[in-house]
Amino acid sequence: MRRHFRQDTVKLSNGLAVHYHEWAGQGPNLIFLHPSLGYGRMFEFMADAMGDRFHVHAPDQRGHGRTDKAAGDYSAQEYTEDLAIFMQELGIDRAILVGHSLGGRVAQVFAARYPQRVSALALIAGPHLSNFYGTRESAQSVLEGACSTISHPDEFKSKEEAYAFMRPRKPFTHDPDAALHHRIEHNYVHIGDGRLIPRYDKIRVAQGLAHLSNNLRPYAARVECPVLIMRASLGAALSREQADEIARFWRNAQVVDVEGHYALQFENPAGATKAITKFLSDTGVI
């Protein structure tokens with residue numbers, strides 16, 4: 001069953017206008033943080049699967065969606081301060097953070113900087129190895145990914161052209177067709193003559209991707225809340241052994257395999273939701 005949600009925009013004290021989606025629920029508060037090239041509404045299938053057990057917010061982070069593409073360094077630290085002000089403006093004292101890729105980096109830094117405001121942390125598809133093992137090879141891959149993003153088209157002539165661009169390209173490769181159409185519908189501005197313009201700023205996204213080489217080990221050591229690493233079991237980015245090893249950087253982290261390649265919120269929203277609710281129940285958060 002599709003849950004009713006509302007959309008709104010809030011102006012933060014740092015000047016950033018943040019667009020967000022909200023699914024009302026009984027509580028506790030849960031905030032979804034999307035990946036690079038993403039948008040808040042991409043979590044609506046997980047919000048549906050959760051029912052009204054949580055009060056859910058899913059913002060478009062800076063540089064993405066309908067939120068401002070403001071000046072800045074687009075580091076996880078800058079995104080973290082956006083989130084802190086966003087929560088303050090909406091009166092959210094404490095929340096469960098569920099982040100994917102960029103959103104996961106933001107959630108990790110936020111949980112370290114504001115431990116009293118996070119009751120649990122869940123990382124979709126797990127953290128990036130490059131943020132914990134800064135090898136020369138991983139740095140090269142990070143920079144190549146950022147450069148590739150800069151080359152994204154500024155517009156597409158049609159939905160079909162946008163689909164043809166995304167289908168063979170990471171991170172969209174394993175998205176179901178319905179997910180690609182969801183991206184096309186909600187992550188692009190549709191011009192009257194059929195043209196589509198991405199809602200994300202490819203330069204700002206590339207700035208953010210460059211921070212994939214930043215060392216997050218010191219932040220992991222400061223996190224006090226329980227941490228769930230949802231490893232995408234069909235993906236090649238993170239083996240079970242690597243996930244288990246990274247989990248040791250936190251005080252209280254566990255790894256759960258969820259079937260999927262990468263974007264579990266699209267590939268397996270029911271499985272991801274089940275893993276999160278079980279984790280929260282087992283750790284006494286709910």
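**Exercise 1. Find what the buried side of helix H5 packs against, and work out how H5 is oriented.**

Solution. Bear in mind that this is a predicted model.

- Step 1: pick out the buried positions. In H5, residues 159-166, these are Ala162, Phe165 and Met166.
- Step 2: check how they are spread around the axis. The arc they cover is only 90°, which puts them on the same side of H5.
- Step 3: look at the opposite face. Turned away from the buried side, you'll find the exposed residues Glu160 and Ala164.
- Step 4: list the packing partners. The buried residues of H5 pack against helix H6 (177-186), and also against two strands, E7 (188-190) and E8 (196-198).

**Exercise 2. Decide how enclosed strand E2 is, and trace its pairing with E1 and E4.**

Solution.

- Step 1: count the buried residues. For E2 (residues 17-23), that's 7 of the 7, so the strand is largely enclosed by the rest of the structure.
- Step 2: sort the side chains by direction. Ala17, His19, His21 and Trp23 point one way, while Val18, Tyr20 and Glu22 point the other way. All of them are buried, whichever way they point.
- Step 3: go to the E1 side. Strand E1 (residues 6-11) runs antiparallel to E2, and 6 bridges join the two. To anchor the register, take Asp8, whose bridge partner in E2 is Tyr20.
- Step 4: inspect the connection. E1 and E2 make a hairpin with 5 residues between them, and Gly15 in the turn has a positive phi of about 95°.
- Step 5: now the E4 side. E2 and strand E4 (residues 55-59) are antiparallel too, joined by 4 bridges. Here Glu22 has His57 in E4 as its bridge partner.

**Exercise 3. Place Met50 in its surroundings and find a contact that is far away in sequence.**

Solution.

- Step 1: locate it. Met50 belongs to helix H1, which covers residues 44-50.
- Step 2: check its exposure. With a relative accessible area of 7%, against a cut-off of under 20%, Met50 is buried.
- Step 3: collect its neighbours. Leaving out residues up to four places away in sequence, Met50 touches Arg3, Leu30, Phe32, Val56, Thr273 and Ile276.
- Step 4: take Thr273 from that set. Met50 and Thr273 sit 223 residues apart in sequence, but their C-alpha atoms are 6.5 Å apart in space.

**Exercise 4. Describe the largest cavity: its volume and its lining.**

Solution.

- Step 1: see what the search turns up. Across the whole structure there are 3 cavities of 30 Å³ or more, and the largest has a volume of about 90 Å³.
- Step 2: read the lining. Among the residues there are Leu12, Leu16, Val18, Leu33, Pro59 and Arg62.
- Step 3: find the main contributor. Helix H2 (residues 76-90) gives the most, with 4 residues.
- Step 4: classify. The lining divides into 8 nonpolar, 1 polar and 3 charged residues.

**Exercise 5. Do the same for the largest pocket.**

Solution.

- Step 1: get the volume. The largest pocket holds about 1,200 Å³ of space.
- Step 2: find who is closest to its centre. Out of 41 lining residues, the answer is His128, Lys170, Pro171, Ala237 and Tyr262.
- Step 3: assign elements. Helix H4 (136-150) and strand E9 (227-232) are the elements giving two or more residues to this lining. H4 has the largest share, with 8 residues.
- Step 4: classify. The pocket lining has 19 nonpolar, 16 polar and 6 charged residues.

Note on methods
Residues numbered from 1 in each chain as written. Predicted model: local features only at pLDDT ≥ 70, side-chain atom pairs only at ≥ 80, totals over all residues. Heavy atoms only, no water. Buried < 20%, exposed > 50% of the residue type's maximum accessible area, 1.4 Å probe, protein only. Arc of directions from axis to C-beta. Contact = heavy atoms within 4.5 Å. Pairing = 2+ DSSP bridges. 1 Å grid on protein atoms, 1.4 Å probe; cavity = no way out; pocket = protein on both sides within 12 Å on 5 of 7 lines; lining within 4 Å. Points joined across faces, edges and corners; volume = space filled by probe spheres on them. Nonpolar A, V, L, I, M, F, W, Y, C, P; charged D, E, K, R; others polar.
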